[in-house]
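Okay, thanks for coming, everyone. Let me put the fold up on the screen and walk you through a few spots.

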Amino acid sequence: MSNAPDIEIYIQELSTDRAIAWLESVFSEVKVAQKKKGMPKKAQPLTINWQGATIPAVVFEDVVPGFTSIWLDSPSLPWSDDRECASAAAQFLDLTVRVTAGSWQQDDNGDAWIEVLPNGSTHEISWKTD
């Protein structure tokens, strides 16, 4: 099984500071990066270090009302996919985490999501994000 090309999770009611604290508990180094021109106000770019590789990441508060997105741009991460990452985040943060149920392909149902609870249980939901 190959790893996902990147990972993105959505966490309910999470501040950027708490997101960074979680990432610091996982990765050997997490640094705040400079924002690029045109980047949304509530988006915070980061660089993280995993097994000697520098990986770009973004924490984006209120990307969808009430949810913060964490995006990690690498196939080489401690988790093989979004669900594994969501489980780790939900348990550590004691918060609900959502991930897409599909793979962002054109024919996938864009409203199909998996919700991961802090106790490790998961269930499918329909979540309209636009």
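So, first thing: which residue takes a positive phi in the hairpin of S3 and S4? That's Gln51, with a phi near 50°, in a hairpin that has two residues between the strands.

Before I go on, some housekeeping. This is a predicted model, so to speak: local features need pLDDT of at least 70, side-chain atom pairs count only at pLDDT 80 or more, and totals for chains, interfaces and linings use all residues. Residues are numbered from 1 along each chain as its sequence is written, and side-chain values use heavy atoms, with hydrogens and water left out.

When I say strand or helix, I mean DSSP runs numbered from the N terminus: E, at least two residues, for strands, and H or I, at least four, for helices. Two strands pair if DSSP finds at least two bridges between them.

Now the overall picture. Eight strands make an open sheet with antiparallel pairing, and the order is S2-S3-S4-S5-S1-S6-S7-S8. S2 and S8 are at the edges with a single partner strand each, so each has one side without a neighbour in the sheet. On average, neighbouring strands are turned by 30° against each other, direction ignored (axes are lines fitted to C-alpha atoms, for helices over the stretch in contact, and angles run from 0 to 180 degrees between N-to-C directions).

Helix H2, residues 82-93, packs on this sheet and touches S1, S6 and S7 (contact being heavy atoms within 4.5 Å). The direction of H2 makes about 30° with that of S1.

Back to S3, residues 43-50. Seven of its eight residues are buried, that is, under 20% relative accessible area with a 1.4 Å probe, protein chains only. Four bridges tie S3 to S2, with Lys31 partnered by Thr47. On the S4 side there are eight bridges, and Ile48 has Ile55 as its bridge partner.

Next, Ser69, which sits in S5. Is Ser69 buried or exposed? Buried, because its relative accessibility is 3%. Its side chain makes a polar contact of 2.7 Å with that of Glu8 (a pair of N or O atoms within 3.5 Å, one able to donate a hydrogen and the other to accept it; residues adjacent in sequence count only if both atoms are side-chain atoms). Leaving out residues up to four places away in sequence, Ser69 also touches others, including Tyr10 and Phe60.

Last stop, the other end of the sheet: Ile125 is in S8, and among its contacts beyond four places in sequence are Arg98 and Trp113. Trp113, in S7, is also the bridge partner of Thr100.

Definitions and conventions:
Buried < 20%, exposed > 50% of the residue type's maximum accessible area, 1.4 Å probe, protein only.
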